[in-house]
Each structure stands twice: as structure tokens, then as C-alpha cells.
Amino acid sequence: APPKTPDGFFPVLEVYGKAVAATSENKAATTLEPLLVSFNSPNTWLVQRPNIDVNGEDGTISAGDYGKGDSAALFVTTKKGSFDESD
């Protein structure tokens, strides 16, 4: 069984990379690797999803109570690193 969603939250399930990336250099020439994203978000937060148009996919998967300034966004990079301050 899937894990229980905590009280006061709702599950967010979205695929990032459904279209080619919209970039100013390549104009939809960069192919994205699809990534299934799931997280729990507070019930009162709004979820933002990437915009897909004729130029490709642009934006992030995020959630927030923007009136209060609270938000969380997905960030993905191909750069390998660590949380050490020396990196």
C-alpha cells in the first residue's frame, strides 16, 4: 500500500520532462529525461506546474502559499556535488 498522506496535506504527483526544453539558444531542441515527481503539500497551498507550449516546456513544479511567502520548488541538476561548503 502507498504511504499515508499526513493530515492537512495532499499528494502532488507530476511528470517533469513531458516535452522538449524551451531554451533561448536551441528553441525546443533539448530533449528532457522524464522525471516522476511526488511530494506532499499543505492543503491550502497552490501547485504550479511547468508550462508547455509551441516552444517546449518551461518552468518548475512548485507549491506555495504565495501570499505568506511560503513556497517549495523542485530543483534538478546534472552537476554532481555535495553539501560541503568547499564545493
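# Notebook: a seven-strand chain

I began with burial: 20% of the 87 residues of the chain count as buried. I note at once that this is a predicted model.

**Entry 1. The chain overall.** I looked up the accessible surface next. For the chain it comes to about 6,800 Å². Carbon and sulfur atoms account for 54% of that surface. Then I listed the secondary structure. I found zero helices and seven strands. Read from the N terminus on, the elements run β-β-β-β-β-β-β. I also checked how contacts spread along the sequence. I took the contacts between residues at least 6 apart in sequence, and 48% of them join residues at least 24 apart.

**Entry 2. An open sheet.** Which strands form the open sheet, and in what order? I read the order as β3-β6-β7, three strands with antiparallel pairing. The edges are β3, residues 46-48, and β7, residues 70-73. Each of these edge strands pairs on one side only. I looked up the angle between neighbouring strands of this sheet as well. On average they are turned by 15° against each other, direction ignored.

I then went into the pairing of β3 with β6. Strand β6 covers residues 62-65. Three bridges join β6 to β3, and the two run antiparallel. I picked out one residue, Leu46. Its bridge partner in β6 is Gly64.

**Entry 3. Salt bridges.** How many salt bridges does the count come to? I get three.

I started with Asp7 and Lys4. Their side chains meet in a salt bridge at 3.5 Å, N to O. Are these two residues buried or exposed? Both Asp7 and Lys4 are exposed.

Next I turned to Glu14. Its side chain meets that of Arg49 in a salt bridge, 2.6 Å from N to O. Glu14 lies in strand β1, residues 9-16, while Arg49 sits in the loop between β3 and β4 (51-53), so this pair ties together parts that are 35 residues apart in sequence. Glu14 also forms a salt bridge with Lys18. Here the closest N and O atoms are 2.9 Å apart. I record the outcome as a network of salt bridges that links Glu14, Lys18 and Arg49.

I compared accessibility across this network. Why does Glu14 count as buried? Its relative accessibility is 9%, and buried means under 20%. Lys18 has 52% relative accessibility, so I enter Lys18 as exposed; the cut-off is over 50%. Arg49 has a relative accessible area of 44%, so Arg49 goes down as partly exposed. The network thus holds a buried residue, Glu14, an exposed one, Lys18, and a partly exposed one, Arg49.

**Entry 4. A nonpolar patch.** I finished on the surface. Which residues make the nonpolar patch there? I found Leu13, Val15 and Leu36. The patch is about 290 Å². I followed up on Leu36. This residue is found in strand β2, residues 35-42. Leu36 counts as exposed because its relative accessibility is 60%, and exposed means over 50%.

Key. Residues numbered from 1 in each chain as written. Predicted model: local features only at pLDDT ≥ 70, side-chain atom pairs only at ≥ 80, totals over all residues. Heavy atoms only, no water. Pairing = 2+ DSSP bridges. Helix = DSSP H or I, 4+ residues; strand = E, 2+ residues; numbered from the N terminus. Axes fitted to C-alpha atoms, helices over the stretch in contact; angles between N-to-C directions. Patch = residues over 30% accessible without salt bridge, like charges linked within 9 Å, V, L, I, M, F, W, Y side chains within 5 Å. Areas by Shrake-Rupley, 256 points an atom, 1.4 Å probe, with all protein chains shown as cover. Salt bridge = Lys/Arg side-chain N within 4 Å of Asp/Glu carboxyl O. Buried < 20%, exposed > 50% of the residue type's maximum accessible area, 1.4 Å probe, protein only. Contact = heavy atoms within 4.5 Å.
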